[in-house]
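Morning, everyone. I have one structure to walk through today. Please have a look at it first.

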Amino acid sequence: MSKKLLAVIVLIASVNALTLGAQEKTSDPFAAARKKGDQSITILAGGFIPLFVLDNNGALISPSNMYPGASFGVQYRYMLGKSIGIGGSIAGSFVTTVGGGTLFFAPIGVTAAWIGGGEPMEYEISTELGMNILRLYGNGLIEPYAKLGAGFSRYVSSSWSIGAKVSWCFMPEFHLGTYSSLNSYANFLEFSVGAVYHF
Amino acid sequence: MREYIARLAENSLPKAGKVKSGRTPHAVGLIVAATFILLAFSGCDNTFSVFQTISQEEKQIGADLFKNTTVRAMADDSSNYYALLGQVVWRPKSTTSEGSWDVFSVNGSTDYFAAGLAGDGTNIYVAKADGDNVLDDIYVTSDGGTKWTAMNAATGIGSDVFVDWLKCANNTLFVAVHNSASKYSLFYYDGSSFVSAGAAVSGIDAPLVDILYDGSSSYWLVSDSKVYKGTTLGAIAEDSTASNPDYDRYLLGVASDGAGRVIVSRKDGYIYSYASSVWTPIQIKSSTKLGPVFFLTQPASTPRILIGKGVSSYGYMEYNESTPTLKENGSSFISTSSSIYYSTMLSKQVQAFWQPVNEYDATKKTLFILLASGSTDTYALYRNDYTISTGSWSGWTAE
């Protein structure tokens, strides 16, 4: 009887141990996140605020005559290791002008980011470089741009996280020859919330 | 990382058989970079600055009456401006424009549809019509709308006609109409009744565009197909001068410098200039549909021709004959900045340019541009003031 009881106790203990083990494993669904080869796609939407514009001599163009607008973007990231990711970004933004016009941006660039923090919260500092398509009143320009941003995100499942990000956007325009006096250096603040799909 | 990039580039290439074996990921990178650089420089107007253009913009605050509407005609007397929308609206010349426009009471009523408006500097003529644009009557006032006189127009013109436009030329009122059979006719007021302006302009197939007096001896009328001319009221006939701009459905506008010269705009990018009994074609812009034309005599030393654009971007062009030079998109001449031009005229079809008979401020010359409603939420009437002493324009300002 005592052997049977012992056997039952051992069996129950084993089952419990297995169950607890399984529970312990599933309670950390993010254990596999952020390793080399991980990929993610981020969808972002938010505001786009004009900060200031400098002219060819570095003097402030005042007023900038631009009002806050909105932005939307999609980013792809590939993790080169636990903390470094690279990828690409395509976005669309607009601001309105005092005269009733709308200035559109369509930046396309490459990104690099450092990702830190513990799970489920992650933090990142990112940079982005690329070409920016600007369109105003039917006139278009294609110019370089740079972004420097910081953000955080929180896993809500093993595949999805949500977060927020703020980026400073440097959007210059360059003109050649006698029109170099038209060179301008615009600065914007982009803030956005987004969802990240990890795969 | 280099391995990864190489693998990524390799995977991004088209499948085997479509790629030359010697192409490396570096070559792909170079091609992408070259494409970007090519796009950057080929797709750009080096003379157009986005941010500096925006910095020159001005906030336009006009009367809401001029939003989402078309201004079809203007007139003035010594005290007021009048503009034709679905009704006639007016404002005193002495006030600032913002918010000071209101519906003009015609013959004691503000509940009417106006089919035409004209003025000779003293008298203001308004054609009232029913909802189908059928002529009711033409009313005239010479005291800013206090007293009106019905001109009994239907007696001379007919009761089943649609009013196309009213126009005063050389202090004579002309009325262009068409009937239900799409036959077009021109009448004028002889002081007591409306009579035909000529057998050649009675019951014709082509819509009538505009009429003017050249300041010398002749009235000039254009339909959308032919030019008509007459030195005597009631005897306007087809112009038979060689090489005139006649062409079916091609004529768009007519203007005069008030000293005997006449120009006519066409759909093919040409204006035809008549002076010393000779028509001369001037190509404004190749294969570009034009619009209404206007002789601008400010500054007097280098007068300009303003030409509406009939293409999708609409707006207008400015042509300086003395150089000759064509300016577009507000780049020079009467526009103070391209940004103001873009934020006011873009996508708006020009109906007419107009200058008042009586200038309220003797130190200035005022120019109005009348626009169609268009696709943008901007105004349909803008003013530009020329200061005689400085020879400068104020720039377009919403009415």
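Before anything else, a word on contacts: two residues are in contact if their C-beta atoms, placed from the backbone, lie within 7 Å. With that in hand, take Leu221(B). Setting aside neighbours within four places in sequence, Leu221(B) is in contact with Leu186(B), Val201(B), Leu208(B), Ile211(B), Tyr228(B) and Ile236(B). Keep in mind that this is a predicted model.

Let me stay with Leu221(B) for a moment. The largest nonpolar core has 123 residues. Leu221(B) is among those that touch the most other members. The others on that list are Tyr82(B), Val88(B), Leu117(B), Val175(B), Ile307(B) and Leu381(B). Which strand gives the most to this core? It is β9 of chain B, residues 161-169, with six residues.

Now the strands around there. Strand β14 of chain B covers residues 219-223. Four bridges join β14(B) to β15(B), and the two run antiparallel. A hairpin of three residues links them. Within this pair, Trp220(B) stands opposite Lys229(B).

On the other side, β15(B) pairs with β16(B), residues 237-238. That takes two bridges, again antiparallel. Here Lys229(B) stands opposite Ala237(B). So Lys229(B) faces Trp220(B) in one pairing and Ala237(B) in the other. The hairpin of β15(B) and β16(B) has six residues between the strands. In that hairpin, Gly234(B) takes a positive phi near 90°.

Is β15(B) buried or exposed on its two faces? Both faces are covered. Val227(B) and Lys229(B) are buried on one side, Tyr228(B) and Gly230(B) on the other. Note the lysine in that list.

Zooming out to chain B as a whole. There are five helices and 29 strands. The chain has 399 residues, and 41% of them count as buried. Among contacts between residues at least 6 apart in sequence, 44% join residues at least 24 apart.

Next, chain A. Eight strands close into a barrel, in the order β1-β2-β3-β4-β5-β6-β7-β8. The pairing is antiparallel. On average, neighbouring strands of this sheet are turned by 25° against each other, direction ignored. As one example, β2 (residues 66-79) and β3 (residues 84-97) of chain A are joined by 12 bridges. One of the residue pairs there is Tyr76(A) with Gly88(A).

How do the chains meet? The contact takes 29 residues from chain A and 30 residues from chain B. On the chain A side, β5 (121-136), β6 (139-155) and β8 (184-198) each supply at least two residues. The largest share, five residues, comes from β6(A). By class, the chain A side has 16 nonpolar, 11 polar and two charged residues.

One last residue, Gly99(A). It sits in the loop between β3 and β4 of chain A. Why does Gly99(A) count as buried? Because Gly99(A) has 22 C-beta neighbours inside 10 Å, and 20 are enough for that label. Leaving out residues up to four places away in sequence, Gly99(A) touches Glu57(B), Glu58(B), Lys59(B), Gln60(B), Ser339(B), Ile340(B) and Ser343(B). Those partners carry the chain letter B. For scale, Gly99(A) and Ser126(A) are 27 residues apart in sequence and 34 Å apart in space, C-alpha to C-alpha.

That's my tour. Over to you.

Technical notes. Residues numbered from 1 in each chain as written. Chains lettered and ligands numbered in written order. Predicted model: local features only at pLDDT ≥ 70, side-chain atom pairs only at ≥ 80, totals over all residues. Pairing = 2+ DSSP bridges. Axes fitted to C-alpha atoms, helices over the stretch in contact; angles between N-to-C directions. Nonpolar A, V, L, I, M, F, W, Y, C, P; charged D, E, K, R; others polar. Buried ≥ 20, exposed ≤ 12 C-beta atoms within 10 Å, placed from the backbone. Core = buried A, V, L, I, M, F, W, Y, C linked by C-beta atoms within 7 Å.
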